[in-house]
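Trainee: I have this model open at the bench and would like a close look at one part of it. Could you walk me through that part strand by strand, and then show me what lies around it?

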Amino acid sequence: MGNLLWFLGLLCGSLVVLINGEFIEKSQYHRMPKLWQMDDYDECLESPGSDEAPGVYCGLSVVLKPNNRSELWKLIEEFSSDYKRHYNHQVLKRGVCIRRCTKAIEKLSPAERNALTVEPFPIDVRYKFNDGILKDIPTYRAAYQDVVEICVNKELNDTYGLVGHTEILSCDKSTDEVVIDALDMSFLIVLCALVSFVTVSSWYDSSINYKRTSDHYRQPLDSKRNMVWVSFSIQRNWYRLTSRSRDELNQKLRFFQAFRFLTLWLVIVGHVSMLLSFTPTTDSEKLERMMHNVGSMILTNGVQYTQTFLAMSGTLLTIQFCSFVEKRKGKVSFLYVPFAILYRYVRLTPVYAFVILLHATWLLKLQTGPLWRWGAETEQTFCRQNWWTNLLYINNYVHADEPCVQQGWYLGVEFQIFIIAMIVLTTIVKIPRAKVPILGLVLIAAYIIPALFIYYQKLEGTFVVTLEAQRYLLWYDKLYLHAYIPTHINFGNYIQGVLTGLVYCELQKRSINLAQSKAFSIVWHLTFAIVFLSMLPSYMFYVNDFPTPSVWMAACFVVSKNLYGIGAWIVILGCIYGVNGVVKRMLNYPFFEPLGRLTYGAYLVHFSVMRLMFFSVRTPVHYSDLLAVKQTGRLAKEVMLIVTIDHLQLSLVFGATVMSYLMALVLCLLIELLTTALQNHLFGSFKEQKSSPVDAESGTNGTNQTLLNPGFVGKKSEKISYSPETIK
């Protein structure tokens, strides 16, 4: 899949070169100060002698002071004005050792020091994280602000004839010690308790396996009490994770496990790209050059890939809801909705809360480095302050610019839309005659509401992902906060997924098999190329600054975003019916079964893994030209640039994917599977108990959940497995 994306990107980049203006010449580019420059971190913090001061290493942000008499400043100003494709080269990042700086300026006279001290000047660009996030910064600024500013300005003035305002963002001291507080201890207590429960439960399950056969772990025990005791059993939960359901409906939908894994893989690709823009590099020019290539839009617009989760989620919810309604013969109460919401909340939250607690406590203590506090202490601060927004699933609206577990915005979106979808589905069952008008109004709202927000908030016709916004992980980016993570922006593709599920149910009633339609087969195969190629026109918004508010841009935003969902429902229907037998067999390969079930845990931890990979770097990264060939002409250079960065990304993506799924396996066996097992016992009085072997599908993470009718006294409710959100 990754090679296909890059092939399409290279092909389109070769055939369509819609570049507005030339990229700056390399000789001129390297006249500008480097965006990143860092002293040796470990050498600076080596344990000092008894008569030496402690080593201190500080991360700085430097804002160059405008100087219209300098030709270099004019070059920086002109280059940075292309803010959608270039970094702001007025803002530099530095990592300096205080000991080195002190020695570098100790021979300067008072007049020279005064000349290198910059008077305050208006700064209207983002150059730092908000104050109050990192602790002890006021103390470090009071102690070292003058030293680092004079030191940095001496280097800038000697080399470039420029000076700037320098501000300390973080500092590490060689005498710093790890401080463990009550919250840190609570995490250890929770972790030890879970490990103890799993150990004891596994021992007990093994001790009652009198026949010493593996079938013992696949079968339910003879009493509910014993089943509760073995809920933590690692042997039993391993079989639940790796089992394959024989249920006909689950077999038809089995390919979704592969979709889950592949979609998360694409999400990781996108996040690697973002973190490459955040972390120090000696070759920022290559990232900026890539933004001048039309084919790079397939990667840049990778933010659309999360819409696959929403489309699949709506489809699965509806298909299983229809199956549930059929079993109930259309008798569904509105009281069923809050019960389903509660059931789902209990299902989702324990492992989510555990990850939040990890981020609020021990994540910061796992690594060190010049960037580590920027990437980990910020997360700790946000999680200690804003954890409640995550657990209420409103984090995509409340404190969205200070996110705890940033990728959790999707969970907030999906949970909110799930509630709406459940109400809509229950309503059309209760009032079948109003089915078409209700669905029509909901679909119209899914298009009109985001378009109105785009128009009145004066936003672009697409979600423009700028390199500069990625330097701050998109926290303060207006487009990210208002045109990417809100529920009303993402509502359309979920609802189109709901319609996909309803179409499937209707086709089933009429015994229509889409695999027999040649026209649908042609459309299905073309959809893959059309969806990826549809991302290329977004390039025009990177090249131009169209006036806002704009009706046509609001319409373009909504259509382009929801076009992905339309393509998704075509692909999903084709896979359900097996339009391409080879593809479906590949997607149904057993290898994907456990990976799909682990996707929720992997989604929760993959950004933590990537923090460890990216924020622990000591020096700026260099993009090595391992695949370099003799280049002739600009087009060859653009093609070579994409291939080179792709090689680096794929190695990082592979490492992040493997580590994320290994951590997800631990979470699955420690928390997720035992949660579902206990949940089944907790709600057991509301559902029918099966006498057949344990349902591996409904009991496992990431596959399905059990949707229960709240029921009334004297009524027997039925169990129906479904996957309300595709990640989970």
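Mentor: Gladly, and one definition will help us from the start: two strands are said to pair if DSSP finds at least two bridges between them. Please keep in mind that the model is predicted.

Let's begin with the sheet. Its four strands follow the order β1-β3-β2-β4, and the sheet is open, with mixed pairing. The edges belong to β1 (residues 36-38) and β4 (residues 164-173); each has a single partner strand, so one side of each lacks a neighbour in the sheet. On average, and ignoring direction, neighbouring strands here are turned by 15 degrees against each other.

Now follow the pairings across the sheet. β1 runs parallel to β3, and three bridges hold that pairing. Within it, tryptophan 36 sits opposite lysine 93 of β3. Moving on, β2 and β3 run antiparallel and are joined by seven bridges. Lysine 93 turns up again here, this time with serine 61 standing opposite. So if you click on lysine 93, you can look for tryptophan 36 across one pairing and for serine 61 across the other. The remaining pairing is between β2 (residues 56-64) and β4, antiparallel over nine bridges. A handy landmark there is valine 63, which faces histidine 165 in β4.

β3 (residues 91-97) deserves a pause. Is this strand buried or exposed? Seven of its seven residues are buried, so β3 is largely enclosed by the rest of the structure. Val91, Lys93, Gly95 and Cys97 point one way from the strand, while Leu92, Arg94 and Val96 point the other way; all of these are buried. Helix α7 (residues 137-160) contributes to the surroundings: it lies across β1, β2, β3 and β4, and runs at about 125 degrees to β4.

Next, zoom in on one residue of that edge strand. Serine 170 is in β4, and it counts as buried because its relative accessibility is 3%, below the 20% cut-off. Its side chain makes a polar contact with the side chain of tryptophan 374, at 2.7 Å. Setting aside neighbours within four places in sequence, serine 170 touches Tyr57, Cys58, Gly59, Leu134, Ile137, Pro370, Arg373 and Trp374.

Tryptophan 374 leads us to the aromatic residues. Ring pairs link it into a cluster with Trp36, Phe129, Phe382, Tyr472, Trp475 and Tyr476. Notice Trp36 in that list: this is the residue we met opposite lysine 93.

How many aromatic pairs are there in the whole structure? The search finds 39. One of them joins tyrosine 305 and tyrosine 564 in a tilted arrangement, with 6.4 Å from centre to centre and 50 degrees between the planes. Tyrosine 305 is in the loop between α15 (residues 297-300) and α16 (residues 306-327), and tyrosine 564 is in helix α26, so the pair ties together parts that are 259 residues apart in sequence. Tyrosine 305 is buried at a relative accessible area of 3%, and tyrosine 564 is buried at 11%. Another pair, tyrosine 345 and tyrosine 393, is edge-to-face: 5.6 Å centre to centre, with 85 degrees between the planes. This pair also links distant parts of the chain, 48 residues apart, with tyrosine 345 in helix α17 (residues 336-360) and tyrosine 393 in the loop between α18 (residues 372-391) and α19. Tyrosine 345 is partly exposed, at 27%, whereas tyrosine 393 is buried, at 1%.

Helix α19 itself (residues 409-430) has 22 residues, which should span 32 Å at 1.5 Å a residue; its end C-alpha atoms are 32 Å apart, so the two agree. α19 is mostly covered, with 17 of its 22 residues buried.

Finally, some backbone details to look up. Most residues other than glycine have a negative phi, and most peptide bonds are trans. Serine 511 has a positive phi, near 55 degrees; this residue lies in the loop between α23 (residues 487-509) and α24 (residues 518-533) and counts as exposed because its relative accessibility is 68%. Lysine 458 also has a positive phi, near 55 degrees, in the loop between α20 (residues 435-456) and α21 (residues 467-470). Threonine 548 and proline 549 are joined by a cis peptide bond, with omega about 0 degrees, and proline 549 is in the loop between α25 (residues 539-543) and α26 (residues 551-577).

Note on methods:
Residues are numbered from 1 along each chain as its sequence is written. This is a predicted model: local features need pLDDT of at least 70, side-chain atom pairs count only at pLDDT 80 or more; totals for chains, interfaces and linings use all residues. Side-chain values use heavy atoms; hydrogens and water are left out. Helices (H or I, at least four residues) and strands (E, at least two) are DSSP runs, numbered from the N terminus. Axes are lines fitted to C-alpha atoms, for helices over the stretch in contact, and angles run from 0 to 180 degrees between N-to-C directions. Contact means heavy atoms within 4.5 Å. Buried means under 20% relative accessible area, exposed over 50%, partly exposed in between (1.4 Å probe, protein chains only). A polar contact is a pair of N or O atoms within 3.5 Å; within protein, one must be able to donate a hydrogen and the other to accept it, and residues adjacent in sequence count only if both atoms are side-chain atoms. The expected span of a helix is 1.5 Å times one less than its number of residues. Rings of Phe, Tyr and Trp (its six-membered ring) pair if their centres lie within 6.5 Å; planes under 30 degrees apart count as stacked, over 60 as edge-to-face and the rest as tilted.
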